[in-house]
Amino acid sequence: PPPPPSPPSPSSSSSSSFASSCSSLFFFLLLAVQIATPFAMYIAMKSMTNSVFPSFTAGFLYALFPYRLSNIYHRQAIGEVLALLFLPLIIAGLFHILYLIPKKGIPFLIIGYTGIIQSHILSCLLVAFFTCFLILLGGRRFFHRERRTSFFFSCLFVLLINLWYIVPFLSFYLSGINEQAFIGNFSKSSSTFLELLGFVPLFDGGSQGILGLIGIACFLIPIFFLIFIKEKREDSLRKTGFFTLFFCGILFLSMTLSFFPWDILNKLSFIKAATDMLQFPFRFHILTSPLLIMAASYFIGNFKEISYVNNIHSLKGFCMKKRQLIAAYFFFLFLSIFSSIGILFTSFFKEGDITILKGGVTRAHIPEYWPKGTTDANFRNTNLFYIDESLQISDYTQFENRIRFLYSTPNEESYLDVPLFYYKGYRAKVIGNGPLAGQTLRTSIGAEHRLRIYLPASLVPVDISLRYIGEWYFHAALFISGITILFFTGRLFLS
């Protein structure tokens, strides 16, 4: 038998413990999202329909929708998964603003928009487009005083609540990011019908289609209702709203397919900039998934209500009995489970999951949103950079983003590049006694986008402390957001 392994060193044991903790937290996050996602859909649909049956159906289908499962088990697109958690709340909020009671939509919009902003930047772009498009379809209805006031009030609260994040993000984004990952041909990444339905695998052969049988059923049910079911006039505005959601879902679905004229539209510079950022047309399924499911679940609920009164008769002689309707409903749920089996089954054999990578819990190989000029080599090089040969560095210690060291140099133009990425808000200060005590040192961007500290001349050792404190306007934004969150939470509980 092989000799027993040697005991791990303290450093390797600490690293292994850290990796294990990160993996555990990652799995806990997935578990929490898996529980919260169908619940969020249920709450959203319950507010839109005042009925348990379509709300339960929507939550069930949303939990098993193939595109959402592909994001979890194959793409590890956790940002999109989190965005899909909050999207039903946004749709419910806009639905209330345009078709039901506007004030009921305010908390849905505030929580939904905030969740999207904190989860996935690209989903923010899609949601902004969807919001404008839905308002455009609403026409004059949106310009009713109560409806537009509720919407803009919600947007103001969202801005104030997220100001603590938006201000630093814009500061970072406008300072320059790496756009290498954005370069590509958007239209060539479109899907065919076969890929969409799962006959040709996507995502390295693992997704089994991103709509599958659930998507087919969600597409056919509203059309079936439109053709065969008599209109209920007493609920026409709500029905108009759900047909609008269905129309939007079909439109966004068409944007993922190869026949959509992206080559023509990309000749416009602002559309080209947006599609470069989106990278792939299939991202429109972020919107397609909840829209189709909500529309289909609403019409399924209408089937149930009508079946309790009488058989469903159409103008063309179609008839369906109650037992047949119930059987069709459970068959529909069975199809939804079957449609997701391929994704769940193949995930057990897919190597490369973010939690099982050798040597760590993640890897950096796609330079999305990195500071401009940064490469993956920057993550491995922990040496100190300086060109002043007379500069003496001693007692150097670093814990996360805090650094402390002693230095001495006769030159006035000395600097030191430390192994930290530069961000606005770092402060280097002289501590202890001496002529330079209490002085704040200038910092800037150094080589390989490192943090550069400019060191004044000193023949005696000077004690330097470096830490991140943020800009003053970061703290001001945080204060405003904190006050707004307290106010919103108080109003929510009181109401």
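Hi everyone, let me start with one residue: Lys272 is partly exposed, because its relative accessible area is 32%. On that scale, buried means under 20% relative accessible area, exposed means over 50%, and partly exposed is in between, with a 1.4 Å probe and protein chains only.

Before I go on, a word on the ground rules. This is a predicted model, where local features need pLDDT of at least 70 and side-chain atom pairs count only at pLDDT 80 or more, while totals for chains, interfaces and linings use all residues. Residues are numbered from 1 along each chain as its sequence is written, and side-chain values use heavy atoms, with hydrogens and water left out.

Now, back to Lys272 and its partner. Asp276 forms a salt bridge with Lys272, and their closest N and O atoms are 2.8 Å apart. By salt bridge I mean a side-chain nitrogen of Lys or Arg within 4 Å of a carboxyl oxygen of Asp or Glu. Both residues sit in helix H13, residues 269–278, and they are 4 residues apart, about one turn of the helix. Helices (H or I, at least four residues) and strands (E, at least two) are DSSP runs here, numbered from the N terminus.

How many salt bridges does a search of the whole structure find? It finds 5, and I'd like to show you two others.

Asp417 pairs with Arg452 in a salt bridge, with the closest N and O atoms 2.8 Å apart. Asp417 belongs to strand S5 (residues 414–421) and Arg452 to strand S9 (residues 450–455), so this pair ties together parts that are 35 residues apart in sequence. Buried or exposed? Asp417 is buried, and so is Arg452.

Next to show is Arg427 with Glu471, a salt bridge whose closest N and O atoms are 3.6 Å apart. Here Arg427 is in strand S6 (residues 426–431), and Glu471 is in the loop between strand S10 (458–468) and helix H16 (472–494), so the pair ties together parts that are 44 residues apart in sequence. Arg427 is partly exposed, since its relative accessible area is 30%. Glu471, on the other hand, counts as buried because its relative accessibility is 15%.

Stay with Asp417 for a moment, and bring in Ile445, which is in strand S8 (residues 443–445). Ile445 and Asp417 are 28 residues apart in sequence, and 8.7 Å apart in space from C-alpha to C-alpha. Leaving out residues up to four places away in sequence, Ile445 touches Tyr422, Arg450 and Arg452; contact here means heavy atoms within 4.5 Å. Ile445 counts as partly exposed because its relative accessibility is 44%.

Let me move to the N-terminal helices. Which residues of H2 are buried? They are Pro54, Ser55, Thr57, Ala58, Gly59, Leu61, Tyr62 and Ala63. The expected span of a helix is 1.5 Å times one less than its number of residues, so the 12 residues of H2 should span 16 Å, and the 17 Å between its end C-alpha atoms agrees.

Asn50 is in the loop between helix H1 (10–49) and helix H2 (52–63). Its phi is near 55 degrees, a positive value in a residue other than glycine. Asn50 counts as exposed because its relative accessibility is 56%. Asp395, in strand S3 (residues 392–399), has a positive phi too, near 50 degrees, and is also a residue other than glycine.

Arg68, in helix H3 (residues 66–73), is one I'd like you to look at. This arginine is buried yet has no salt bridge, and the nearest side chain of opposite charge, Glu80, is 11 Å away. Lys and Arg count as positive there and Asp and Glu as negative, with His and the chain ends not counted. What does the side chain of Arg68 reach? It reaches the backbone oxygen of Ala63 at 2.8 Å. Among the residues that Arg68 touches beyond four places in sequence are Gln34, Tyr62 and Leu84.

Finally, the whole chain. It has 16 helices and 10 strands, and buried residues make up 47% of its 495 residues. Of the contacts with a separation of 6 or more, 74% come from residues 24 or more positions apart. As for pLDDT, the predictor's confidence in each residue from 0 to 100, the chain's mean is 78, and 72% of the residues reach 70 or more. Over residues 199–208 the pLDDT is below 50, and this stretch has 21 contacts in the model beyond near neighbours in sequence. Residues 305–319 are also below 50, with 26 contacts counted in that way.

Note on methods: A polar contact is a pair of N or O atoms within 3.5 Å; within protein, one must be able to donate a hydrogen and the other to accept it, and residues adjacent in sequence count only if both atoms are side-chain atoms.
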